[in-house]
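Open the model in your viewer and keep the selection box handy. We will go from stop to stop, selecting a few residues each time and looking at what is there.

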Amino acid sequence: MTARSGDPAHWVIVGAGWSGLACAVEAVRHGAAVTLVDAAPTIGGRARRVDLRIGDQDVTVDNGQHLLFGACTETTALMRRLGVDPDQALLSQRFTIQYPDGWRLGAAGLPAPLHLALGLARARRMPWRDRLELAAWVARQRRNRWQVPEDGPVAALLANQPEALVRRLWRPLCIAAMNAEPAQASSQMFLNLLRLTLGATEPDSRLLLTRRDLSATMPEAARRYLEQAGATVLLRQPAIALERSGRGWSVVLREQRLQADRVVLAVPAEPAARLLESASVEVLGPAIAALRSLQYEPIATVYLRYPNGTHLPQPVYALLDEPAQGRPGQWVFDRGQIDPAHRGIFSVVIGAPALRVESDRGALCAAADRQLSTEFGLPPSIAQNIVIERRATLLPSVGLRRPPPRLPVDGFYLAGDIAESPFPSTLEGSVRSGLEAARLAASDVGP
């Protein structure tokens, strides 16, 4: 039923990923009656726990090596609101990019901008000319307030940077943050991320690694909060259609119909487009077309298991990838230094650019294994497995256009990376988008 006068508005939020969960929590805080639905059997969306068998060992890992930064303030604030202590759930490390060959650049523990200045002075195997070029580039972006007159590819933004800096700093950051090559990715979105991390304070630039799996970091706490507040969480219930129902909307599920005053779609682009199309409202045409123009990119994470006692000198290393030469990995994480339950397990991240060269699961595992043996002198791993998220992130292309979070139909909203945002597909961007959709819906009067 839609809300009667004096009753709380009933919201149906479709999608129990990070944006849908953040939206649902905020809706409850605004006094709404909430039903959260998802087609999947678990919550978390594209950032969730998976059970994986690596040889003869069953482990619980993430579906990918997701990253947070100190600047992810909305995510950490949401965690605290849900009773999760970020200092306990996340391992905080100073921003550092280091390679097995000794090349290293990291921020120092000083107030901005001294944290970057001293970090440059302490850099290893970086020519002084490159350090000065990097300092001048950052200063120029600060003067421009991290804005470009017209969006273009990241490669154009870096046109005058030394080749070694692009290869070892900017390209790895672009792929890690945006899952796209500099020639593809939006320079303005890249600058938006840099402004909040490297361009801000030292705490904002810190790398936050999940000590446990992602589901335990926020989603499970959000589900407990919602259920204790009287919200309903329905899993394995795909939303099939949206239909007018009196003054509100009917969300048609496989086994039931839900009446709603507000409908928030926090799902990937194609299911969101299908649901909006089912509403048969002409004014939604541009939003549907925009959603169908969005392109998704994959990310693979190879999990390698070594004998107990095998470890890297540091928890995280960047890798010089050459996919065509059998070196697809871009980052490696020593999981045992982050979560003791994962001793001997390393995760190798392979972004979309490398997956265009090789996508066979067995070949990727074997190549990552050889790559670590070459780079670190490790023996061959004793077991491997791989998780490939086929639609991990949106392609953050130049001039990317996404529909606004408030759609031109009473009661319809979008959340997640399908909604207009200054950010690409990131956990922080998802949380911010979910909160924004909830605040917009709460501020609108009437069904």
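Start by selecting S250 and Q259: S250 stands opposite Q259, which belongs to β13. Keep in mind throughout that you are looking at a predicted model.

**Stop 1: the sheet around S250**

Widen the selection to β12, residues 248-253, and to β13. These two strands run antiparallel and are joined by four bridges. Now add β11, and you have an open sheet of three strands in the order β11-β12-β13, with antiparallel pairing. Select 239-245 for β11 and 257-260 for β13: both stand at the edges with a single partner strand each, so one side of each is left without a neighbour in the sheet. Look along the sheet, and you can see neighbouring strands turned against each other by 25° on average, direction ignored.

**Stop 2: a parallel sheet**

Next, select β10, β2, β1, β14 and β20. In that order, these five strands form an open sheet with parallel pairing. Which strands stand at the edges here? They are β10 (232-234) and β20 (412-414); each has a single partner strand, so one side of each is left without a neighbour in the sheet. From one strand to the next, the twist averages 20°.

Zoom in on β14, residues 262-265, which pairs with β20 in the parallel sense over three bridges. To find one pair of residues, pick L265 and its bridge partner in β20, L414. Then show helix α16, residues 427-443, which packs on this sheet and touches β1 (10-14), β14 and β20. The direction of α16 makes about 160° with that of β20.

**Stop 3: the cavity**

Now for an enclosed space. A search of the whole structure finds one cavity of 30 Å³ or more, and the largest cavity holds about 40 Å³ of space. To display its lining, select R402, G416, D417, S421, F423, P424, S425, T426, G429, S430 and S433. Colour these residues by class, and the lining divides into two nonpolar, seven polar and two charged residues.

**Stop 4: the second largest pocket**

Move on to L116, L120, L134, A135 and V138. Among the 23 residues that line the second largest pocket, these lie nearest its centre. The pocket contains about 320 Å³ of space. Show β8 (104-106), α4 (114-121), α5 (128-143) and α7 (163-178) as ribbons, since each supplies at least two residues of the lining. Which element gives the most to this lining? It is α5, with nine residues. Coloured by class, the lining of this pocket has 20 nonpolar residues, one polar residue and two charged residues.

**Stop 5: G351**

Finish with a single glycine. G351 is in the loop between β18 (345-350) and α14 (352-355). Is G351 buried or exposed? Its relative accessible area is 3%, so G351 is buried, the cut-off for buried being under 20%.

To see its surroundings, select N179, P298 and Q330: G351 touches these residues, leaving aside residues up to four places away in sequence. For a last distance, click the C-alpha atoms of G351 and I175. They are separated by 6.8 Å, although the two residues are 176 residues apart along the chain.

Conventions: Residues numbered from 1 in each chain as written. Predicted model: local features only at pLDDT ≥ 70, side-chain atom pairs only at ≥ 80, totals over all residues. Heavy atoms only, no water. Buried < 20%, exposed > 50% of the residue type's maximum accessible area, 1.4 Å probe, protein only. Contact = heavy atoms within 4.5 Å. 1 Å grid on protein atoms, 1.4 Å probe; cavity = no way out; pocket = protein on both sides within 12 Å on 5 of 7 lines; lining within 4 Å. Points joined across faces, edges and corners; volume = space filled by probe spheres on them. Nonpolar A, V, L, I, M, F, W, Y, C, P; charged D, E, K, R; others polar. Pairing = 2+ DSSP bridges. Axes fitted to C-alpha atoms, helices over the stretch in contact; angles between N-to-C directions.
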